[in-house]
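Reader: I would like a close look at a single part of this protein, with its surroundings described step by step. Please take one strand and follow it outward to whatever lies around it.

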Amino acid sequence: MLCLPLTRTIKIKRNFMKAYIIETVGFSASTAISMALASNSHNLVTHGTRNFLKRLPIGNKDMELGNFVEEMLSEMQNGMNAIAVHTLYNPSNIRALADNGDFDFVSLMRRDQKAQILSCFYWAMSQFLSGRERFIRTTFELATKHNKTLQHCGLQTNYKNLLILYAINLVLEWNVALRKNSQKTIFMEDFITCPKSTLRELDMSEIFSDDVVISKSNSHKSSLKSVDFLSDVPEAAEKMFENLHFTFGDLTGSYKKIEDFIIR
């Protein structure tokens, strides 16, 4: 049974400050968006941490979700909007606490799911080429499990195609879970184009700053621009999009059906 208690009650001046968990699997300009939100001096923004005050990278002294939220809420007493981006906590667990009304649970993803998937792929490929044990092991596990899956798509079982399949499943699974559980959704394209109106439409305008500058960061693809053997990746990905069916909990169907559910 899920049990995520807060260890103590925190009294907050709700009229002024607010708290948000803006969750994303990544590959959606979350770093640049975090920096944009942090340009408001009334916002305390973290990115990629499960330790709100110490801001250590995920995997370093991670806190339980309930304690993490408690740290967020304590900052509101100091006159700050508390905003945590890209925590990678389980979306259903985040929603269970968000329903208490202490903070808003917002998902961040792309309208263009294929672009988000390919960004994930190039990140995973970079990790693989750098010799990360996790990704080398992942390719072996996927080869054992999905050899026939790739044959069905008319594709060879090689590390490129296995990592495309990895990226498709990772991004879609996360985004389905976010769509099912989050209270509001920010699409990256909307925020980059017009951040102020995007937040206003979601009743989040109090966390925006008029003089915000959204920085442009290097894409995961650009880090591999000199690697010519990846030129066929978009074509291979399209074959998977066209031929595969997916199951995420009670949602099953083609790529198009899953995409329609996510971005509806």
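Author: Strand E3 is mostly covered, for five of its five residues are buried. In this predicted model, the cover reaches both faces of E3, with Asn 81, Ile 83 and Val 85 buried on one side and Ala 82 and Ala 84 buried on the other.

The pairing of E3 with other strands can be taken one partner at a time. With E1, the strand E3 pairs in the parallel sense, and the pairing runs over four bridges; within it, Ala 19 has Ala 82 of E3 as its bridge partner. With E2, the pairing is again in the parallel sense, here over five bridges, and Asn 43 finds its bridge partner in Asn 81 of E3. Ala 82 and Asn 81, named here as bridge partners, are residues that also appear among the buried ones, Asn 81 on one side of E3 and Ala 82 on the other.

From the strands one can turn to helix H1, which spans residues 30-38 and has Ser 30, Ala 32, Ile 33, Ser 34, Ala 36 and Leu 37 as buried residues. What covers these buried residues of H1 includes E3 (81-85), together with strand E1 (19-23), strand E2 (43-47) and strand E4 (104-109), and also helix H7 (188-193) and helix H8 (195-201). E3 and its two pairing partners, E1 and E2, are thus named again in the cover of H1.

For the setting of this part, the protein chain holds ten helices and seven strands, and 51% of its 264 residues count as buried. Among contacts between residues at least 6 apart in sequence, 74% join residues at least 24 apart. The accessible surface of the chain comes to about 13,400 Å², and carbon and sulfur atoms account for 50% of that area.

A further feature of the model is the second largest pocket, which holds about 180 Å³ of space. The elements that give two or more residues to its lining are helix H5 (133-152) and helix H6 (159-181), and H6 supplies the largest share, five residues. The lining is made up of Glu 141, Leu 142, Lys 145, His 146, Leu 165, Tyr 166, Asn 169, Leu 170 and Glu 173, a set that divides into four nonpolar, two polar and three charged residues.

Technical notes: Residues numbered from 1 in each chain as written. Predicted model: local features only at pLDDT ≥ 70, side-chain atom pairs only at ≥ 80, totals over all residues. Heavy atoms only, no water. Buried < 20%, exposed > 50% of the residue type's maximum accessible area, 1.4 Å probe, protein only. Contact = heavy atoms within 4.5 Å. Areas by Shrake-Rupley, 256 points an atom, 1.4 Å probe, with all protein chains shown as cover. 1 Å grid on protein atoms, 1.4 Å probe; cavity = no way out; pocket = protein on both sides within 12 Å on 5 of 7 lines; lining within 4 Å. Points joined across faces, edges and corners; volume = space filled by probe spheres on them. Nonpolar A, V, L, I, M, F, W, Y, C, P; charged D, E, K, R; others polar. Pairing = 2+ DSSP bridges.
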